[in-house]
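Morning, everyone. I have one structure to walk you through today. Please have the sequence and the 3D view open.

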Amino acid sequence: MIKPHGGRLVNRISHEERLREEAREMPRRDLTLDEARDLANIGHGVFSPLEGYMCREDFEVVLEEGRLANDLPWTIPIVIDADRDEIARVLEGDTLALFYEGRPLGILDVEEIFSYEKKRYAEKVFKTTSEEHPGVARIYAKKDHLLGGRITLLEDPPTNFPRYKLWPKETRVLFRERGWRTVVGFQTRNAPHIGHEYVQKTALTFVDGLFINPLIGKKKRGDFKDEVIIKTYEVLFEHYYPKDSATMAVLETEMRYAGPREAIFHAIIRKNFGCTHFIVGRDHAGVGNFYGPFEAQEIFDYYPDLGIVPMFFKSFFHCAKCGGVVNDKICPHGPEHHINFSGTKIREMLLRGERPPETMMRPEVAEAILSFDHPFVE
Amino acid sequence: MEEKMVTVEIPASLYAKIEGIIKDTGFKSVSSYVTYVLREVLAEDEEEQEVFSKEDEERVKERLRSLGYLD
Ligand SMILES: [Zn+2]
């Protein structure tokens, strides 16, 4: 079994009733659902080797080098912000209770309180300072200070998908029990069209198992709603996927839309889940025209020590001359013979209530999407 | 996350060779490259260390079965 990032699966969970009671007496910070989800991700080792929120040194090295202070690859800051009032109530060395909907979900041992430059954060992580970028806009909306330190997770936040909620500890047992020595992870925030299916199945051809891991969390307008993504994969699994070699579980964290840096982050998370391989397609985790179509693949050159093997795909399309679904590496014919799987075009058709052609999307998947009154985030 | 560092010695010629290898890669220094290589080598020999007990594992399997992930 592949080792978690940093060598050890982090477990920062405590069910001690005493801590829960103590937490109620501590200064507190209320969490949004996305923050609560990331707290749980730290606690359950999804973000191994992180044991808490980054202190200044890790934060700085992540921005500058795309690594933790101990040199391990890491590209996305995992931080928690605080305003003047909130930091007035805690000192370095104090504990802070982290609440969600009136319940103490965790405790932060405040090791360091520090300020940061939002512009530089944006520039380094997102390669832009434009507020048009949804990830950057969220950074600009953050409070002015960051709190670093280890956390203890007392309780998981609620999930809308208990049926598909697995932690790395569980997926690792699952892969082992299934006898999968090699597993390819697939990140998605889309309802699957034929192109996605071919990417996944091509990858699966060379490994033992396929792990579809839809990202559930804050997205942007126009993205598929979480429940639509899950429903469409359910029907795809039912009708088109081999039961012995494919499975699905959700990853609950927000999309950052950080393109190349987020591709590395996504790969590390899947390594922690026990994947040996990770699919990186065109414009992975990108948004608008902020990143080149293959920047998220090129960045992997910079991380020979990542510890999970990226599988790169350019594009799949239908070729009339080849007579089927092919990709850029195997089809010699010109674009006049190709029908591309355009997510945008499919979305437009669905918005008009039309069913995309079967060459683009499985009819069962189209049906599932159209069964929702409002399949897209508004 | 901060780790205490210590010094080890390697031949100067090897050092120079590594400097050449890491040029244009993500490695910041010869030390970080050497650390990476050593971690890789050691990981191969290490026993698969489980973070949880037998009962714990049985509970995980039970949950996986109840969710339909395992028969
Ligand atoms: Zn062709």
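**A quick tour**

Let's start with chain B. Along its sequence, the pattern reads α-α-α. That is three helices and zero strands. How much of chain B counts as buried? Of its 71 residues, 23% do. One caution before we move on: this is a predicted model.

Now chain A. It is divided into domain 1, residues 17–153, and domain 2, residues 162–370. How far apart are the C-alpha centres of the two domains? They lie 29 Å apart. The domains do touch: 32 residues from domain 1 and 31 residues from domain 2 take part in the contact.

Next, the inside. The largest nonpolar core has 120 residues. Which members touch the most others? They are A:Phe47, A:Tyr53, A:Met54, A:Phe59, A:Trp74, A:Ile78 and A:Leu108. Both domains feed this core, with at least three residues coming from each. Apart from it lies another core, this one of seven residues. Among them are A:Met26, A:Ala97, A:Ile107 and A:Leu154.

Pick out A:Met54 on your screen. Set aside its neighbours within four places in sequence. A:Met54 is still in contact with a long list, including A:Phe59, A:Val62, A:Leu68, A:Trp74 and A:Ile78. A:Phe114, A:Leu147 and A:Gly148 are on that list too.

Keep A:Phe59 in mind, and look at two helices of chain A. Helix H3 covers residues 56–65, and helix H5 covers residues 118–126. They pack at an angle of about 50°, with axes 8 Å apart. Why call H3(A) oblique to H5(A)? Because an angle of about 50° falls outside the roughly parallel range, under 35 degrees, and the roughly perpendicular one, 65 to 115. From H3(A), the contact uses A:Phe59, A:Glu60, A:Leu63 and A:Glu64. From H5(A), it uses A:Arg120, A:Tyr121, A:Lys124 and A:Val125. By class, that gives four nonpolar residues, four charged and no polar.

Last stop: A:Val228. It sits in helix H9 of chain A, residues 226–240. Is A:Val228 buried or exposed? Its relative accessibility is 0%, so A:Val228 counts as buried. What does A:Val228 touch, beyond neighbours within four places in sequence? Its contacts are A:Ile369, A:Phe372 and A:Pro375. Now compare positions with A:Val325. A:Val228 and A:Val325 are 97 residues apart in sequence. In space, C-alpha to C-alpha, they are 25 Å apart.

That's the tour. Thanks for listening.

Conventions. Residues are numbered from 1 along each chain as its sequence is written. Chains are lettered from A and ligands numbered from 1 in the order in which they are written. This is a predicted model: local features need pLDDT of at least 70, side-chain atom pairs count only at pLDDT 80 or more; totals for chains, interfaces and linings use all residues. Side-chain values use heavy atoms; hydrogens and water are left out. Axes are lines fitted to C-alpha atoms, for helices over the stretch in contact, and angles run from 0 to 180 degrees between N-to-C directions. Helices (H or I, at least four residues) and strands (E, at least two) are DSSP runs, numbered from the N terminus. Contact means heavy atoms within 4.5 Å. Ala, Val, Leu, Ile, Met, Phe, Trp, Tyr, Cys and Pro count as nonpolar, Asp, Glu, Lys and Arg as charged, and the others, Gly among them, as polar. A nonpolar core is a set of buried Ala, Val, Leu, Ile, Met, Phe, Trp, Tyr and Cys residues joined through side-chain atoms within 4.5 Å. Buried means under 20% relative accessible area, exposed over 50%, partly exposed in between (1.4 Å probe, protein chains only). Domain bounds come from an automatic or database domain assignment.
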